[in-house]
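User: Could you take me through this structure and explain the reasons behind the terms you use?

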Amino acid sequence: MTHGTSRDRSRHRRILTRACSVLLLVFVPLLFAACPKNQKPPRQPRVGVSSDATPPKPLPPIPTGFNGERAMDHARKQIEFGPRPPGSPELEKTRRYIVDQLNSYGLKVTVDEFTAKTPHGDKKMANITAELSGETKTTILVGSHYDTKFYKDMQFVGANDPAASVGTLIEIGRVLGSLRDKPKVTVKLVFFDGEEAFCENWSDCGNPDNPDNTYGSRHYVAQLKAKKEIEDTYALILLDMIGYKKLELGRDSASSRWLQDLIWETGRELGHGKVFVDREEGIGGDDHEPFLRAGIDAVDIIQLNSYPHWHKADDTIDKISAQSMKIVGDTVLASLLKLQDRITKDTDEKNRSNPR
Ligand SMILES: [Zn+2]
């Protein structure tokens, strides 16, 4: 075997360049037509240690850059802070952690503080928003609550409710922050305070005008109204309890069907047909409802009825997995791209039917 001539080498280089272009054409659309800046190859999922788990099959690499292990690290960090009910020093620490992470990704972060009247008196709460501004003001929201439910006599650390969805949302923030080019639409990640009821059950206290739950999301929608931003808000994708090792997501009947279809189809296209199933998921209420009432399409991605550790002391880290968070993170990121295409098409059609 001989070394190639310089002509051979330049031919090889051309072939390589062409192969790279093809790869970019295939993978880049998943990232809002932009390349991630410092994307490291994802680490392999750690093997679960809990007897609760059937051993997870390794996932095929999906080119969104979402790293399940990073999401898991964020979940672990929150759990280490301890129970995190609204107004607690532990939730303040959690908030600072979330804000620091989002800032480090170069996103525009705002903390909106407000006081909520609760059955436990006035409570200081704060929603966190991280913005990746796009070419238009049309906005897609991706949200999760970050408070844990208050229990007087129970050490409730909420691994799946909500540390896993918060960890997933932070990691989605890292992926979005790594995009080199502006997306066409604006994406905001919203971390809601005060989703959980202070009283034992969702509707034990409060009244229809002033319910004892969803404090942060109701405040967020009121702010959208006050700032006249309802029109620009295209949709909300809500994550809540998406980290269970035996992940299976049914369909919440209150969610906007077209949006749910889009996400469920995307999940199945990515090979997660066993996760995105068609059975109905009755949930009784969540942070997407104030948005739906305001006329904003919204979907809740949630596993409630088949999560046996819901609101129990054993909602602990051994119940959640990096792989489940990656399944949801990848599906949400790929769905954001489809939503962006849909919005662009809508806008083009509107412009065609109303030429200036
Ligand atoms: Zn809960």
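Analyst: Happy to; below, each term is set against its definition. This is a predicted model, in which local features need pLDDT of at least 70 and side-chain atom pairs count only at pLDDT 80 or more, while totals for chains, interfaces and linings use all residues. Residues are numbered from 1 along each chain as its sequence is written.

User: What makes a stretch a helix or a strand here, and how many are there in the chain?

Analyst: Both are DSSP runs, numbered from the N terminus: helices are H or I over at least four residues, and strands are E over at least two. By that rule the chain has 8 helices and 10 strands.

User: Why is T64 called buried or exposed?

Analyst: A residue is buried if 20 or more other C-beta atoms lie within 10 Å of its own, exposed if 12 or fewer, and partly exposed in between, with C-beta atoms placed from the backbone. T64 has 24 C-beta neighbours inside 10 Å, so T64 is buried. T64 lies in the loop between α1 (6-27) and α2. Its C-alpha atom is 9.9 Å from that of V332, although 268 residues separate the two along the chain. Over the whole chain of 356 residues, 46% count as buried.

User: And why does S104 count as buried or exposed?

Analyst: S104 has 12 other C-beta atoms within 10 Å, and therefore counts as exposed. S104 belongs to helix α3. In space, C-alpha to C-alpha, S104 is 8.5 Å from R174, which is 70 residues away in sequence.

User: How do you know that the span of α3 agrees with its number of residues?

Analyst: The expected span is 1.5 Å times one less than the number of residues. For the 16 residues of α3 (residues 89-104) that gives 22 Å, and the end C-alpha atoms are 23 Å apart, which agrees. Just after this helix, G106 takes a positive phi of about 80°.

User: What makes you say that α3 has a buried face?

Analyst: Its buried residues are L91, T94, R95, I98, Q101 and L102. Seen down the axis of α3, they fall within an arc of 130° (taken from the directions from the helix axis to the C-beta atoms), so they line one face of the helix. On the other side, P89, R96, D100 and S104 are exposed. As background, an α-helix has 3.6 residues a turn, so residues three or four places apart point the same way. The cover over the buried residues of α3 includes α2 (68-81), β1 (108-118), β2 (121-132), α4 (159-177) and β4 (186-192).

User: Why are β1 and β10 called edge strands of the sheet?

Analyst: Two strands pair if DSSP finds at least two bridges between them. The open sheet of 6 strands has the order β1-β2-β4-β3-β7-β10, with mixed pairing. β1 and β10 (297-302) each have a single partner strand, so one side of each is left without a neighbour in the sheet.

User: How do you know which strands pair, and in which sense?

Analyst: β1 and β2 run antiparallel and are joined by 11 bridges. A hairpin links them through 2 residues, with T118 opposite G121 in β2 and T115 opposite K124 in β2. The antiparallel pair β2 and β4 has 5 bridges, and L132 has V187 in β4 as its bridge partner. β7 and β10 pair in the parallel sense over 6 bridges, with L236 opposite A298 in β10.

User: What makes β10 mostly covered, and what is I301 in contact with?

Analyst: In β10, 5 of its 6 residues are buried. Two residues are in contact if their C-beta atoms, placed from the backbone, lie within 7 Å. Leaving aside neighbours within four places in sequence, I301 is in contact with I237, L238, L239, I242, L249, I263 and V328.

User: What is meant by a nonpolar core, and which residues have the most contacts inside the largest one?

Analyst: A nonpolar core is a set of buried Ala, Val, Leu, Ile, Met, Phe, Trp, Tyr and Cys residues joined through C-beta atoms within 7 Å. The largest has 75 residues, and those with the most contacts inside it are A75, I140, V142, I172, A235 and I301.
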